[in-house]
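Hi,

Here's the structure I promised to pass on. Have a look at it first, then read on for what turned up.

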Amino acid sequence: MSPMTVARIASEDARAICMREYGSSPNVDIYGDPGFTFPYVTPHLHLMIFELVKNSLRAVQERYMDSDKLAPPVRIIVADGAEDVTIKITDEGGGIPRSGLSRIFTYLYSTAENPPDLDVHNEGVTMAGYGYGIPISRLYARYFGGDLQIISMEGYGTDAYLHLSRLGDSEEPLT
């Protein structure tokens with residue numbers, strides 16, 4: 001599968017939700033070799049990129065929606081390494097305070113100010129609030145021999161590094 005194509009589709013899906021929620025959405029710029037392919041599970045990669053891009057879009061949108069400045073794009077970089085394929089998702093959405101970084105991989109933790117009520121039926125996908133997007137993305141990455149790292153600079157933005165092991169050179173982690 002093509003990680004560039006999956007990144008494009010996942011970012012279009014995330015932008016559609018951002019448009020529905022806020023009425024506008026930052027652009028997403030994608031960089032990498034459009035002809036590059038490698039074996040991976042497409043729905044899992046889509047979910048991981050979708051969740052990370054959705055978080056970045058929300059951060060940028062909320063930081064710039066009341067500003068006269070044009071919102072900077074979210075950037076996705078796909079790198080074809082010898083051992084791993086790495087997808088970097090970077091934004092200028094203001095970053096995460098260092099005190100909150102230890103909780104971002106905790107299920108049900110959310111930075112959303114008004115998370116949705118889990119006891120009420122919600123139609124469709126929401127922009128944020130359930131607190132499972134980042135933890136489940138890291139779980140998927142690790143299950144297939146990769147990892148997810150989040151590096152944030154409060155006051156500027158966040159970089160998410162999604163490391164994907166080339167399938168076929170790792171064993172299923174059963175322990």
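H1 lies across E1, E2 and E3, and its direction is at about 175° to that of E1. On the same topic of helices and the sheet, helix H4 (residues 133-143) packs there too, touching E4 and strand E5 (157-165). The direction of H4 makes about 140° with that of E4. Bear in mind that this is a predicted model.

Now the sheet itself. It's an open one with five strands in the order E1-E2-E3-E5-E4, and the pairing is mixed. Which strands stand at the edges? Those are E1 (28-31) and E4 (147-153); each has a single partner strand, so one side of each is left without a neighbour in the sheet. From one strand to the next, the twist averages 15°. If strand pairing is new to you: strands of a sheet pair through backbone hydrogen bonds, either parallel or antiparallel. E2 (residues 74-80) and E3 (residues 84-91) go for the antiparallel sense, over six bridges. Try finding Asp80, which stands opposite Val85 in E3.

Back to H1, residues 3-22, and its helix partner H2, residues 42-64: their axes come within 8 Å and cross at roughly 40°. The two helices are therefore oblique to each other, and the crossing is right-handed. Residues making the contact include Val6, Ile9, Ala10 and Ile17 of H1, and Leu45, Ile49, Phe50 and Val53 of H2. By class, this contact has 14 nonpolar, four polar and five charged residues.

Cheers

Technical notes
Residues are numbered from 1 along each chain as its sequence is written. This is a predicted model: local features need pLDDT of at least 70, side-chain atom pairs count only at pLDDT 80 or more; totals for chains, interfaces and linings use all residues. Side-chain values use heavy atoms; hydrogens and water are left out. Axes are lines fitted to C-alpha atoms, for helices over the stretch in contact, and angles run from 0 to 180 degrees between N-to-C directions. Helices (H or I, at least four residues) and strands (E, at least two) are DSSP runs, numbered from the N terminus. Angles under 35 degrees count as roughly parallel, over 145 as roughly antiparallel, 65 to 115 as roughly perpendicular and the rest as oblique. A crossing is left-handed if the near helix is turned anticlockwise from the far one by less than a right angle, and right-handed if clockwise. Contact means heavy atoms within 4.5 Å. Ala, Val, Leu, Ile, Met, Phe, Trp, Tyr, Cys and Pro count as nonpolar, Asp, Glu, Lys and Arg as charged, and the others, Gly among them, as polar. Two strands pair if DSSP finds at least two bridges between them.
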